[in-house]
Amino acid sequence: MATVEHCLLCFEALDAALNKTGAMSLDELRASWAVYNSSTAPPAAFSPKDPALQRVTAADGDSSSSSSSSTSLVASTPATTASSSLTPANITSAPLFVTWNTLDNASPDDPDPDSDPDSDFDDDGVSLRGCIGTFESQPLAEGLPEYALISALQDTRFPPVTASELSTLQVAVTLLTDFEEAADALDWEVGRHGIRLSFRDAAGRRYGATYLPDIAAEQGWTKEETLFSLARKAGWTGSRARWPELALRLTRYQGKKRSLNYAEYRKWKDWAAEQQKA
C-alpha cells in the first residue's frame, strides 16, 4: 500500500522541478520523516473522495487506456507485483498511479488552505488537476518522482501545473497489487477491486480503460453501471441498450490509495530545512 512518504516524495519532486531546487531521495526522505514523525507526531494523511468523473476524458489506443476518475494510463504491460500481504516497507516496486487534485477552497496565497489539513473534502471541494499511471511495475524510488512530474506537467487534459498552484494541491498515490484475470465481466467486488476493461467493437477497433478500486464505491455504482461507464470512458459510443453484447475482457486488481495535501508537505519541509540549519 502507498504511504505518507510516497506522497511526500511526489510533492518533493514537483516542488523541486518547479522551483529549480534539489530533491531528497526516497531513502533520505524516509529517514527525515521518521525523525519528524517521532518528534512532532503530525496527524495522518487524509483521503478525500476522488474528483467528479465527468472531468475525465478517455485515451484510446492499443497500448494505452485511461484509468480511475483521475487517471490516464500510459503503459499497459501486465504487472508482476508484490502481494497485498506484504508490508509497505517491503514493497520496492509496483505498478502505480499519481493523481494531482486541486482543493477548491484553497487559495494560492494561503499556504494552509484548511484549518484542519486532514479533514475530508466532498466532491465539490476537490477537482482533478492531472493524473497518469502505469500497469508496468516501477521501482518506487524512481517511478514515483517520474510519474509525479508526468501527471502534473504532461497530462494533455490540463495545462501544466505551475509553482503558484502548489499550495492548492493534493496528491494521491495508489500502488496496485494482486492482478487476476476475471472469469467474466462481473467477477469482481465493488470497493475491493479495480478493473481493467478491454474489448473490440464490430469494426474491430480496440478499446481499453480502467477504474481504480475506490471509484465504483465512491460513486455509488453497481457493477453494471461501472462497466457501462468504463466502456464510455474508453471511447465507445454505442447504444446503451447494446453495451451488454460487447465481448468484454476484464482484469481485476487491488490497491489502496494514500492522499496528502500541500499544507502537510510544507510543515515537514519547513521542519527539515530548520534541521539542516541546526
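The paragraphs below walk through the helices, nonpolar cores, aromatic pairs and salt bridges of this predicted model.

The model is predicted, so local features need pLDDT of at least 70 and side-chain atom pairs count only at pLDDT 80 or more, while totals for chains, interfaces and linings use all residues. Residues are numbered from 1 along each chain as its sequence is written, and side-chain values use heavy atoms, with hydrogens and water left out.

A good place to begin is with the helices. Helices (H or I, at least four residues) and strands (E, at least two) are DSSP runs, numbered from the N terminus. The expected span of a helix is 1.5 Å times one less than its number of residues. For the 16 residues of helix 1 this gives 22 Å, and the end C-alpha atoms are indeed 22 Å apart. Of these 16 residues, 13 are buried, and helix 1 is thus mostly covered; here buried means under 20% relative accessible area, exposed over 50%, and partly exposed in between (1.4 Å probe, protein chains only). Just after helix 1 comes lysine 20, with a positive phi near 55°. Helix 3 (residues 140-153) has 14 residues and reaches 19 Å between its first and last C-alpha atoms, close to the expected 20 Å. Its buried residues include Leu140, Leu144, Tyr147, Ala148 and Ile150. As a reminder, an α-helix has 3.6 residues a turn, so residues three or four places apart point the same way.

Next come the nonpolar cores. A nonpolar core is a set of buried Ala, Val, Leu, Ile, Met, Phe, Trp, Tyr and Cys residues joined through side-chain atoms within 4.5 Å. The largest one holds 37 residues, of which Leu8, Cys10, Val98, Trp100, Leu144, Val171 and Trp268 touch the most other members. Two or more residues each are given to this core by helix 1, helix 2, strand 2 (93-103), helix 3, strand 4 and helix 6. Helix 1 supplies the largest share, seven residues. A second, separate core has 26 residues, among them Phe135, Phe199, Ile215 and Leu227.

Tryptophan 268 deserves a further look. Contact means heavy atoms within 4.5 Å, and, not counting residues up to four places away in sequence, tryptophan 268 touches Leu8, Glu12, Met24, Leu29, Ser32, Trp33 and Tyr36. One of these partners, serine 32, lies in helix 2 (residues 26-40) and counts as buried at 12% relative accessibility. Leaving aside neighbours within four places in sequence, serine 32 is in contact with Met24, Trp268, Trp271 and Ala272.

Aromatic rings form another layer of the picture. A pair of aromatic rings is described by the distance of the centres and the angle of the planes. Rings of Phe, Tyr and Trp (its six-membered ring) pair if their centres lie within 6.5 Å; planes under 30 degrees apart count as stacked, over 60 as edge-to-face and the rest as tilted. The structure holds 14 aromatic pairs. The rings of phenylalanine 11 and tyrosine 265 are stacked, because their centres are 5.2 Å apart and their planes lie at 20°. This pair links distant parts of the chain, with phenylalanine 11 in helix 1 (residues 4-19) and tyrosine 265 in helix 6 (residues 262-277), 254 residues apart. Both residues are buried. Ring pairs also join Phe11, Trp100, Tyr262, Tyr265 and Trp268 into a cluster. Phenylalanine 179 and tyrosine 253 are stacked too, with centres 5.2 Å apart and planes at 25°. They lie in strand 4 (residues 169-181) and strand 7 (residues 249-261), 74 residues apart. Phenylalanine 179 is partly exposed at 23%, whereas tyrosine 253 is buried at 0%.

Charged side chains complete the account. Side chains of opposite charge can pair when their charged atoms come close. A salt bridge is a side-chain nitrogen of Lys or Arg within 4 Å of a carboxyl oxygen of Asp or Glu, and the whole structure contains 11 of them. In one, glutamate 12 meets lysine 269 at 2.9 Å, N to O; glutamate 12 is in helix 1 and lysine 269 in helix 6, 257 residues apart. Glutamate 12 is buried at 1% relative accessibility, and lysine 269 is buried at 18%. Another salt bridge joins arginine 157 and aspartate 155, with the closest N and O atoms 2.5 Å apart. Finally, Glu180, Asp187 and Arg252 are linked in a network of salt bridges.
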